[in-house]
Amino acid sequence: MNRYDCFELLAPLIKDQLVIGSLSGQRVEWGHLCPYEGNLLVASMGAALGIGIGLALVLPHRKVIVLESDGSLLLSLYNLPTLGNLNPSNLAVFVFDNEVYSGTRISEPTATAGNTDLAAVARGCGIPQATVVRDLDFFRSEARKALEENLLHFIVCKVDKTTGHRQIQRSTEDLWEHKYRFVRYLERTEG
């Protein structure tokens, strides 16, 4: 399964949800496919899930989507027990697991290339709706459920190792302006 193909299926489903993305090739791909004011594409690894949890808690009437990578989640596993205990029903977490740290020119395996199962870790932290998807049809089905249901979803998407994000023109938007644009969007839509 290819991450870009997953994003092509997910992007048309985005209406007024808030989308928080971690720093990885997916930040480039998602920003290219879905240039939306409700995106906060974080410029550091390990922060997207924590931000998503916080937004889901303070805006319980709003669906929040987190786009994580395996490397980013592994840097912030401490968020999973918090997520399991708080259980925000308006949060959908997608972890795109390619089993490598591949944002740089050197790709090193992550723990998920070995024995680590992120969905099992999530279930162990009290997140019963943690599942693994390996094909586009199952991804489509799980993504729709995650966006429509008022229930915490944690979906580990096993994706191919790709470097397609390196061929996409990166946004020239200043990172501070990106954050302020997101905040202005929240101010406008939340009053």
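This is a short tour of the structure, moving from the whole chain to a group of aromatic rings and then to three single residues.

**The whole chain**

Start with the full chain in cartoon view, keeping in mind that the model is predicted. The cartoon should show 8 helices and 8 strands. Along the principal axes, the C-alpha atoms fill a box of roughly 45 × 40 × 30 Å. The radius of gyration is 15 Å, which agrees with the value near 16 Å for a compact globule of 191 residues.

Next, switch on the surface. About 8,900 Å² is exposed, and carbon and sulfur atoms supply 53% of that area. Of the 191 residues in the chain, 49% are buried.

How far apart in sequence are the residues that touch? Taking contacts between residues at least 6 apart in sequence, 73% join residues at least 24 apart.

For the charges, select the 19 positive and the 22 negative ones as two groups. The mean positions of these two groups are 2 Å apart.

**The aromatic rings**

Hide the surface and show the aromatic side chains. The whole structure holds 7 aromatic pairs. Begin with phenylalanine 94 and phenylalanine 96, whose ring centres are 6.5 Å apart. Why is this pair called stacked? The planes of the two rings meet at 15°, and planes under 30 degrees apart count as stacked.

Both residues are buried: phenylalanine 94 has a relative accessible area of 0%, and phenylalanine 96 has 1%.

Keep phenylalanine 96 selected and add phenylalanine 139. These two rings also pair, at 6.2 Å centre to centre, but with 50° between the planes the pair is tilted. Where do the two residues sit in the chain? Phenylalanine 96 belongs to strand S4 (residues 91-97) and phenylalanine 139 to helix H7 (residues 136-148). The pair thus links distant parts of the chain, with the two positions 43 residues apart. Phenylalanine 139 is buried as well, with a relative accessible area of 1%.

Now add Phe7 and Trp30 to the selection. Together with Phe94, Phe96 and Phe139, they form one aromatic cluster.

**Serine 72**

Clear the selection and go to helix H4 (residues 70-75), where serine 72 lies. Is serine 72 buried or exposed? Its relative accessibility is 0%, so serine 72 counts as buried. To see what surrounds this residue, show Ser22, Met45, Gly46 and Ala47. Serine 72 is in contact with these four, leaving aside neighbours within four places in sequence.

**Aspartate 5**

Move to helix H1 (residues 3-10) and select aspartate 5. Aspartate 5 has 31% relative accessibility and counts as partly exposed, because the buried class ends at 20% and the exposed class begins over 50%. Then select leucine 136, which is 131 residues away along the chain. A distance drawn between the C-alpha atoms of aspartate 5 and leucine 136 should read 7.7 Å.

**Histidine 178**

The last stop is helix H8 (residues 175-190), which contains histidine 178. At 6% relative accessibility, this histidine counts as buried. Add glycine 52 to the selection and draw the C-alpha to C-alpha distance from histidine 178. The two are 126 residues apart in sequence and 16 Å apart in space.

Conventions:
Residues numbered from 1 in each chain as written. Predicted model: local features only at pLDDT ≥ 70, side-chain atom pairs only at ≥ 80, totals over all residues. Heavy atoms only, no water. Phe/Tyr/Trp six-rings, centres within 6.5 Å; stacked < 30°, edge-to-face > 60°. Buried < 20%, exposed > 50% of the residue type's maximum accessible area, 1.4 Å probe, protein only. Helix = DSSP H or I, 4+ residues; strand = E, 2+ residues; numbered from the N terminus. Rg over C-alpha atoms; globule rule 2.2 N^0.38 Å. Contact = heavy atoms within 4.5 Å. Areas by Shrake-Rupley, 256 points an atom, 1.4 Å probe, with all protein chains shown as cover. Lys, Arg positive; Asp, Glu negative; His and termini not counted. Charge placed at Lys NZ, Arg CZ, Asp CG, Glu CD.
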